[in-house]
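Student: I would like a close look at a single part of this structure, with the residues around it and the setting it belongs to. Please take it step by step in one connected answer.

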Amino acid sequence: MSEFEINPEMGVKWLPTGIRVSIEDGQRVTCVDIGGNNEPIPPPLERIRDGSLGDYELMAVISFIRDPDSEEKNNLVSLINVDDRYFERAGQPLVKSNWFLFNDFW
């Protein structure tokens with residue numbers, strides 16, 4: 001039985017698609033997941049200007065897959081988050097998910 005079956009509220013999520021990073025008192029770093037379906041609370045502009053707070057969106061994940069039996073069969077796999085503006089410029093309809101898989105497996 002997997003951890004997801006034991007705790008269904010956990011969901012399948014390994015990396016947040018968005019995070020808010022803040023520095024408190026110049027010492028403590030706090031990271032909050034803002035990548036869910038809920039709209040994040042807009043950050044205070046003065047915190048952005050002084051560099052103590054920033055929002056970051058995950059745009060890509062690249063994995064190196066190593067075959068322990070053959071050095072010649074190592075592969076790269078990437079997931080790329082394509083912005084909606086790309087589809088608009090290309091004259092293509094928007095898609096449900098903007099994540100695309102690229103790999104060099106052969």
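Tutor: Arginine 20 is buried in this predicted model, because its relative accessible area is 14% and the cut-off for buried is under 20%. The side chain of arginine 20 meets that of aspartate 55 in a salt bridge, with 2.6 Å from N to O. The two residues come from distant parts of the chain: arginine 20 sits in strand 1 (residues 18-24) and aspartate 55 in strand 3 (residues 53-57), 35 residues apart. The pairing also appears as a polar contact between the side chains of aspartate 55 and arginine 20, at 2.6 Å.

The partner has another level of exposure. Aspartate 55 has a relative accessible area of 37%, so it counts as partly exposed. Leaving out residues up to four places away in sequence, aspartate 55 touches Ile19, Arg20, Ile34 and Pro43.

Cysteine 31 can be placed relative to both members of this pair. Cysteine 31 belongs to strand 2 (residues 28-33). Its C-alpha atom is separated from that of arginine 20 by 5.6 Å, the two being eleven residues apart along the chain. From the C-alpha atom of aspartate 55 to that of cysteine 31 the separation is 9.6 Å, with their positions 24 residues apart along the chain. Not counting residues up to four places away in sequence, cysteine 31 touches Arg20 and Val21. Cysteine 31 is exposed, since its relative accessible area is 52% and exposed means over 50%.

Serine 22 also lies in strand 1. With a relative accessibility of 8%, serine 22 counts as buried. A polar contact of 3.2 Å joins its side chain to that of glutamate 24. Beyond its neighbours within four places in sequence, serine 22 is in contact with Arg28, Val29, Thr30, Arg47, Ser52 and Leu53. Of the residues just named, Leu53 falls in the range of strand 3 (residues 53-57), and Arg28, Val29 and Thr30 fall in the range of strand 2 (residues 28-33).

By the salt-bridge rule, the count comes to two. The other one joins arginine 85 and aspartate 83, whose closest N and O atoms are 2.6 Å apart. Here arginine 85 counts as exposed, at 54% relative accessibility. Its partner, aspartate 83, has a relative accessible area of 34% and is partly exposed. In the pair described at the start, by comparison, arginine 20 is buried and aspartate 55 is partly exposed.

Two further sites fill in the surroundings. Asparagine 75 lies in strand 5 and, at 7% relative accessibility, counts as buried. A polar atom of the asparagine 75 side chain lies 2.8 Å from the backbone oxygen of lysine 73. On the surface, Ile62, Phe64 and Leu76 make a nonpolar patch of about 330 Å². Phenylalanine 64, a member of that patch, is in strand 4 (residues 60-65) and is partly exposed, with a relative accessible area of 47%.

As for the whole chain, the protein has three helices and six strands. Along the sequence they follow the pattern α-β-β-α-β-β-β-α-β. Buried residues such as arginine 20 make up 14% of the 106 residues. Of the contacts between residues at least 6 apart in sequence, 33% join residues at least 24 apart. The protein exposes about 9100 Å², and carbon and sulfur atoms supply 55% of that area.

Confidence should be read alongside these details. The average pLDDT of the protein is 78, and 80% of the residues score at least 70. Among the elements, strand 5 (residues 75-81) has the highest mean pLDDT, 89, while helix 1 (residues 3-6) has the lowest, 49. Where pLDDT is low, the predicted coordinates should not be read in detail.

Key: Residues are numbered from 1 along each chain as its sequence is written. Side-chain values use heavy atoms; hydrogens and water are left out. A salt bridge is a side-chain nitrogen of Lys or Arg within 4 Å of a carboxyl oxygen of Asp or Glu. Helices (H or I, at least four residues) and strands (E, at least two) are DSSP runs, numbered from the N terminus. Buried means under 20% relative accessible area, exposed over 50%, partly exposed in between (1.4 Å probe, protein chains only). Contact means heavy atoms within 4.5 Å. A polar contact is a pair of N or O atoms within 3.5 Å; within protein, one must be able to donate a hydrogen and the other to accept it, and residues adjacent in sequence count only if both atoms are side-chain atoms. Patches are made of residues with over 30% relative accessible area and no salt bridge: like charges are joined within 9 Å, nonpolar side chains (Val, Leu, Ile, Met, Phe, Trp, Tyr) within 5 Å. Accessible areas come from the Shrake-Rupley method with a 1.4 Å probe; for residues, only the protein chains shown count as cover. pLDDT is the predictor's confidence in each residue, from 0 to 100.
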